Amino acid sequence: MKPVRLFVFQLDQGWGGASATEDGLTALIGPYQTQQEAETELNKAAAHEAPRIDCLQGKKMNEESLKMLAAELNEYYQGKAVSLDFPVDWAETGVTDFQRQALEACKEVPYGEAATYGDLAKRIGRPKACRAIGGAMHINPVFPVVP
């Protein structure tokens with residue numbers, strides 16, 4: 001298991017948070033009304049207590065990229081189109097391989113377009129797994145980076 005660090009940040013709409021390894025995001029939460037509420041929910045989402053830090057040293061997810069994430073989330077929650085193109089460390093999110101495939105297929109749907117669970121099931125070669133795709137979308141730990 002890689003070290004996971006927590007990052008709590010203020011949004012225009014309240015407080016948000018992210019947990020990440022140096023390779024990518026493992027969870028996103030928010031917005032919540034208070035910083036304490038965001039910290040509590042982030043600890044739950046990260047599945048364990050981890051030290052809260054304002055800087056994560058690493059090649060992909062570092063202090064600068066986490067600040068960019070917070071800025072893009074602010075724009076997203078204001079209804080603006082943003083890329084939210086940040087790496088996800090799937091191995092540390094707690095999702096199964098099937099759920100990861102479903103979520104990655106969802107991320108490939110172009111902005112402004114829609115796909116049904118059946119469409120996503122076909123994309124991953126499991127055309128009868130529509131309900132399971134819905135379950136994967138329900139537990140998505142990195143929404144809205146993966147929509």
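Select first the residues lining the largest pocket: there are 20, and Val-109, Pro-110, Tyr-111, Pro-144 and Pro-147 lie nearest its centre. The model is predicted; local features need pLDDT of at least 70 and side-chain atom pairs pLDDT 80 or more, whereas totals for chains, interfaces and linings use all residues. Numbering runs from 1 along each chain as its sequence is written, and side-chain values use heavy atoms, without hydrogens or water.

A pocket here is an open set of points on a 1 Å grid over the protein atoms alone, where a 1.4 Å probe fits, with protein on both sides within 12 Å along at least five of seven lines; lining residues have an atom within 4 Å of a point. The volume of the largest pocket, the space filled by probe spheres set on the points, is about 390 Å³. Next, colour α3 (97-107) and α4 (117-123), each of which supplies at least two residues of this lining. Helices are DSSP runs of H or I of at least four residues, and strands are runs of E of at least two, numbered from the N terminus.

Now move to helix α1 (residues 35-45) and select Ala-38, Glu-39, Leu-42 and Asn-43, its buried residues (buried: under 20% relative accessible area; exposed: over 50%; 1.4 Å probe, protein chains only). They lie on the same side of α1 because they cover an arc of only 135 degrees around the axis, taken from the directions from the helix axis to the C-beta atoms. Add β1 (5-11), β2 (14-21) and β3 (24-32), which are among the elements covering these buried residues. On the face turned away, select the exposed Gln-36 and Lys-44.

Finally, display the whole chain, with its five helices and three strands.

Methods. Contact means heavy atoms within 4.5 Å.
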